[in-house]
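This report introduces a structure to a reader who has not met it before. It begins with how two of the copies are related and then turns to an interface.

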Amino acid sequence: MDKIFYFILSITFLFIFLPIFYSLTNPGNLSYLFHAEVLEAFKVTILAGILATFISLLLSLPSAYILARKEFKFKKFVEGILDLPMAIPHVVVGIMLLSFIYGIDPLKELVGPYIVDNFFGIVLVYLFVGLPFMLNSLKDGILAVDEELEHVSRTLGASKVKTFFTIILPLIRNNIITGSILCFARGISEVGALLVIAYYPKTVPILILENFNNFGLQASKPLAVAMIILSLIIFIILK
Amino acid sequence: MDKIFYFILSITFLFIFLPIFYSLTNPGNLSYLFHAEVLEAFKVTILAGILATFISLLLSLPSAYILARKEFKFKKFVEGILDLPMAIPHVVVGIMLLSFIYGIDPLKELVGPYIVDNFFGIVLVYLFVGLPFMLNSLKDGILAVDEELEHVSRTLGASKVKTFFTIILPLIRNNIITGSILCFARGISEVGALLVIAYYPKTVPILILENFNNFGLQASKPLAVAMIILSLIIFIILK
Amino acid sequence: MITIKNLSKRWKEFQLKDISFSLDKEYCIILGPSGSGKSVLLKCIAGILKPDEGNIFLEGEEITNKAPEDRNIGYVPQNYALFPHLNVYKNIAYGLTIKKVDKLKIERKVREIAEFLNIAHLLDREPKSLSGGEQQRVALARALVLEPKLLLLDEPTSSLDISIKEEIIKELSKIEIAVIHVTHDLVEARSLAEKLGIFIDGKLLEFGDKKILDKPKNRKVAKFLGFNVIDDKIVSPWDVKVELGGEYKVLNVLDYGYYKKILVDYNGTLLKIFTKKNISIGDKVNVYIQ
Amino acid sequence: MITIKNLSKRWKEFQLKDISFSLDKEYCIILGPSGSGKSVLLKCIAGILKPDEGNIFLEGEEITNKAPEDRNIGYVPQNYALFPHLNVYKNIAYGLTIKKVDKLKIERKVREIAEFLNIAHLLDREPKSLSGGEQQRVALARALVLEPKLLLLDEPTSSLDISIKEEIIKELSKIEIAVIHVTHDLVEARSLAEKLGIFIDGKLLEFGDKKILDKPKNRKVAKFLGFNVIDDKIVSPWDVKVELGGEYKVLNVLDYGYYKKILVDYNGTLLKIFTKKNISIGDKVNVYIQ
């Protein structure tokens, strides 16, 4: 039995590995990576990713603490909703956010001008799709912190806030890192929602798609390889 | 502290909930959902999703068993590679698969004709992006099965294969269901890779994008709402 | 002095029912079966749980609704709960640091308490590198260094091997402040108790000095302590004499080395007897209840 | 009859070093400290682990490299490992079903063994609804129903409360096939052993009848069994007499109710003494080693 199982594992492995390996070893014309439009796309992608990750962290830290430590009515429902962005198809996320913002008048006037084809539209999309990854990562971290540690800290004279900063935060450091990376990675790989909300300023995946449509496979390869390498770096940090 | 934390949780919740709720309550002209092209898109999406999920299950069962139970050289590396499709941007997956298949001559002749703008191209993409979800879900399931159960089963006269089918499989039933749903859901929400590999036959997300580009937001709403509902159903089963 | 008045609390599957007792600077053992919710009592006293009813007074002042950080009560949970990201020194110093005590004074106090508990050599170690007994001492030191008015111990030896357990009992016997120590271990209770309470099904059934252990009055307590209850009389297993030959069947024999515990079918009730005689399962015996 | 010859095995942090012994239809206890790798021995005999060296013979036939399913050796792991998706009946019937035994015969055999172990009323229950003692009986039944040539028990009472533990010991004493039972519990060993081996640091240091427990020859074994080793002599804690007034300091007193265990600083070595005298920590005593 083991032999057959190992054989199937090999097939599965090769199915994933070979395309990645082939792409990395056949990157096409890498000098293209230094064109101004490419550098600009990387700048937009990474900045939007960092900003969305940062906002996501600020929202998730308190939210995750409440979800991990407190019981309240409809908690399951709230947790379910907060997971939903992971399940909604990417294009649909774009349609949904756009029709919400443009459907409610005060919102349309307030933020409408900063969304469509705007840097902050990209941040909004990244935040929406990345938030659940951050939130779940922090929640898992806090759940893994024995509540007795908080209890003892309180009996030793530390207030709730003090305990949060001196006990919880240092203990979920790795979850903060993991959550940030996942949130960032999920953001920068988004393309479906951006095609709806913010084609401009172009992010790297949009530029890859544009190159593919206008100039074909060969023209999109170098950028694709650069993105694979970026993903690999993120991924290696994560492990 | 608790009050501020609850307040931030409310903001986070509303940020995710309101767009979804607004979209569901403003679905636009739902009669469009019964057009032939819509039904055809749903058929293609769901069939490709089921086929990819099925293949993924067949590959993942033995692979997950080996990864959960055996130690071998470079195991960490193999596990890392098998997780990679989750980290690679969607458009890049498309470019990667396409350049791999068209870059290797025997492969190009053998499967090339069935990929670009072909139903099996969709299945290939779904399988590539969905496989890690299935695999991880099954691996978690097998890891949670106490190895002593297998040992006892063996001492009671059951062979390895028999033990796999009478002990392991029934005990990871829930993980098989979860893994299948995750794999299916990840597949059918894909759009970036399909824009590169198989715009035709149109899946639902592609059709939504096309409607948006050709006729604007209003025209894409009903389909988006239908997809949200489909995601919700999948999601509720999952919880 | 600590006084508990009519304390009641429901929490998860556990409950406390109308607990009242009072304690001076004494070592008090609360003995009861494992999983009977003795920890809930400690959590209420520490301020981690709010009682449903009743009051708690510490040195005359009511503290029922005070925050845990304002009580100055030491708490050592069952799993020790050492802060895993701080080394032993920083764990012990934690409370003093929070109180912004002068650094030199912290250093002196930490060294003092560490020497008192024989862990001075461990101060640079990480908690996860310590054995169970060492972790327990560090947790004790962390609580004691603040000179609390009361120390709460939750089954402090339950996950320790027998020899380590004996050492911890030795350390505990040196503590000179008021202690409430919950346990299900009879040896611990006998060895340490100045005051003793017996806690069964959420109620404090007996409270007094440790003679309770040898002369229980309540039948539930007697059963928990391993006594026989025959015809409404409470009889110690040492007070039943047994002889080979007779009408009663021996159902089980446990060999404790110095003596045997034998279980006899005595007209349908299970009679526990301690004896030094050589008796085996299946033997027929006669019994004399004194 | 089972014969183990020069068995060696490294596995995880454990190891067996050159274990040899032989056993008839007897109840054999292998006693040793917890975490010393006694389970590895059982796993090798069951066929779950392959030995690095040595041979295993069962009723004259070498089985060292046979698959576990071809050995007919019963194995009850420490956590019982009941199949959680099968009810009690199906758990017990599992081995017979695999062997494609006739349904009526399965039914008869399962009921027989269930009655033998007093679990006939549990047959419809799910494993997770059972108490620890009930789970242990089901695991025993599941192994015994196949009428194995040898039964392997891994610390069968280690996670049970004392009274349940005593009941399980009673059930085990009824088993009449060859048994190898590993444990760190002295009472279990004394109560059940027909043959007894002492296992420390991967080695079988003594093997014979249970008199070893009262007269150990090896010093490591003596220490593990709680004896004093003074001037190379092995002395039982019962064979040291103690008197108040003298030069030796009492470091610790554990009150076991019927007797006390006291630890005395005897010229730098820790002397264990069992006594009925009323002695407290800090007392000065005189000791007489017999």
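## Symmetry of chains A and B

Chain B is superposed on chain A by a rotation of 180 degrees with 0.0 Å of shift along its axis, the RMSD being 0.1 Å, where the fit is by least squares on the C-alpha atoms of residues with pLDDT of at least 70 in both copies. That is the relation of a two-fold axis. Among the residues of chain B, Gly192(B) comes closest to the rotation axis, its C-alpha lying at 3.0 Å.

## Basis of the model

The model is predicted, so that local features need pLDDT of at least 70 and side-chain atom pairs count only at pLDDT 80 or more, while totals for chains, interfaces and linings use all residues. Residues are numbered from 1 along each chain as its sequence is written, chains are lettered from A and ligands numbered from 1 in the order in which they are written, and side-chain values use heavy atoms, with hydrogens and water left out.

## The interface of chains B and D

The contact (heavy atoms within 4.5 Å) takes 18 residues from chain B and 23 residues from chain D. About 1800 Å² is buried between the two chains, with carbon and sulfur atoms giving 67%; this is the accessible area (1.4 Å probe) lost on putting the parts together, summed over both. Glu148(B), Thr155(B) and Leu156(B) supply 35% of the area that chain B buries against chain D, more than any other three residues.

Two salt bridges are counted between chain B and chain D, each being a side-chain nitrogen of Lys or Arg within 4 Å of a carboxyl oxygen of Asp or Glu. Glu148(B) forms a salt bridge with Lys43(D), the closest N and O atoms being 3.2 Å apart.
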